[in-house]
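Let's take a walk through this one, starting from a single residue and working outwards. Have the viewer ready.

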Amino acid sequence: MAKGLQGFSWTMLLLFCAIQELGTCAMHTAVEGPGLGQPGGPTLLASGRVKRGWVWNQFFVVEEYTGTEPLYVGKIHSDSDEGDGSIKYTISGEGAGTIFLIDEITGDIHATERLDREQKTFYTLRAQARDRQTDQLLEPESEFIIKVQDINDSEPRFLEGPYIGSVAELSPIGTSVMQVMASDADDPTYGSSARVVYSVLEGEQHFTVDSKTGVIRTAVADLDRETQDRYEVVIRATDMAGQLGGLSGSTTVTIVVTDVNDNPPRFPQKMYQFSIVETAPVGTAIGRVKAEDSDVGENTDMTYQVKDEEGVEMFKVTTDSNTQEAVITVQKPLDYESKKVHTVVVEALNKFVDPRFVDLGTFRDQTIVRVSVLDVDEPPEFRPPSNLMEVQEDAHIGSVVGVVTALDPDTANHPVRYAIDRSTDTDWIFDIDANTGAIVTGKVLDRETAGWHNITVLAMEA
């Protein structure tokens, strides 16, 4: 065995830096390992070889060093180094020769670049002690780690935004809305640099946030969608467990207040007026009315009904599913002369009623609909509409067969004039008095020639 290997051991100087900002480093020097033959030292084997143990701890270097000189990391040293420069110290591995430089004579290691723990947390290197003349290893090389020690240089960030949550209006205090989470790139195992707490920066009047979990909850029980349907809440995350000097980041959470059926239907007017001609056929739409509801969606769906007996008999109300309007139609023929105005009570009801809010009041409303029937100039009407008359076959010309009567059904009651439709009496067998409606014979009748005569009499307003 080479003489230089006897009594050889490594000494490592550890540098523990605890820098809050640009402070000083406290250096701890490891005691040199015991030499050969000393208690606890390397053991001489039967073969004459020395069993040696390499004991390496971590080197620590603080991140984000901003000094002008290279940052001292630590020292490797051989106890056989007599200071004559015969031993050359070298390192290899990650960053060796670029980021980390070693003084070949003293074994001092320095960092020449500003390190960022969030980019790389540690570097793995190997240390060698070589004979300067022969370049042979005096001891097998040993692996060691330079760990980048964290400082609180990263603020919490909300990475999953934008955040949009929802909560039903009138929800109880403490109702969970959603959860937000912030990430901190600092070392979670070192100090409190990555220990995040949450707080409400804006919107604390209506919402709270759990400081540990980031769960947002309602702070009031009277959120009203009809008053305000969304809130912009600013949540702040602060590291260092919220202590003074911690870094913070914030995000805006949009909270949408969803609707519940807490508003009843209301007619904007207590009376509506429509008019329709008396001759309108059954099924004709008279008009539309609509009850308003401050809710949205299916909570505004309506059903309508006629509440008074007269209205039920004369009119029908249906719901337009698209517009939620009440469509009023004629259900029975109208007659101006019989009744000029109809009063109908229409009631609106919410189709879907939430039992939780029935104590807020009745979820229905009524309005009065006045339907004016318009007069139409109707033709005269025969009373009775048909007549059967008899006459002797030997009756003289001009004999009265019978009298027809027609009246003007309109209020004006105009005089009526009569005439025979000559297409039904081409031979002019009968005549009629235009004023009285008296039908007389115009020719001699012969039963054996014609036992029946069907004629049509016309009645016209004079």
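Start in the loop that runs between β18 (248-258) and β19, where you'll find N263. Keep in mind that this is a predicted model. Is N263 buried or exposed? Its relative accessible area comes out at 19%, and since the cut-off for buried is under 20%, N263 counts as buried. Now look at what its side chain does. It makes a polar contact of 2.9 Å with the side chain of D262, and another polar contact, also listed at 2.9 Å, joins the side chains of N263 and D295.

Follow the chain out of that loop and you reach β19, which belongs to an open sheet of 4 strands. The order across the sheet is β19-β25-β24-β21, and the pairing is mixed. β19 (271-277) and β21 (302-306) sit at the edges with a single partner strand each, so one side of each has no neighbour in the sheet. On average, neighbouring strands here are turned by 30° against each other, ignoring direction.

Zoom in on one edge. Strands of a sheet pair through backbone hydrogen bonds, in either a parallel or an antiparallel way. Which sense do β21 and β24 use? They're antiparallel, with 5 bridges between β21 and β24 (residues 341-350). If you want a spot to click on, T303 stands opposite L349 in β24.

Last stop: the largest pocket, which holds about 710 Å³ of space. Its lining has 25 residues, with L388, M389, E390, W452 and H453 lying nearest the centre. Sorted by class, that lining splits into 15 nonpolar, 6 polar and 4 charged residues.

Note on methods: Residues are numbered from 1 along each chain as its sequence is written. This is a predicted model: local features need pLDDT of at least 70, side-chain atom pairs count only at pLDDT 80 or more; totals for chains, interfaces and linings use all residues. Side-chain values use heavy atoms; hydrogens and water are left out. Two strands pair if DSSP finds at least two bridges between them. Helices (H or I, at least four residues) and strands (E, at least two) are DSSP runs, numbered from the N terminus. Axes are lines fitted to C-alpha atoms, for helices over the stretch in contact, and angles run from 0 to 180 degrees between N-to-C directions. On a 1 Å grid over the protein atoms alone, a cavity is a set of points where a 1.4 Å probe fits but cannot get out, and a pocket is an open set with protein on both sides within 12 Å along at least five of seven lines; lining residues have an atom within 4 Å of a point. Grid points are joined across faces, edges and corners, and a volume is the space filled by probe spheres set on the points. Ala, Val, Leu, Ile, Met, Phe, Trp, Tyr, Cys and Pro count as nonpolar, Asp, Glu, Lys and Arg as charged, and the others, Gly among them, as polar. Buried means under 20% relative accessible area, exposed over 50%, partly exposed in between (1.4 Å probe, protein chains only). A polar contact is a pair of N or O atoms within 3.5 Å; within protein, one must be able to donate a hydrogen and the other to accept it, and residues adjacent in sequence count only if both atoms are side-chain atoms.
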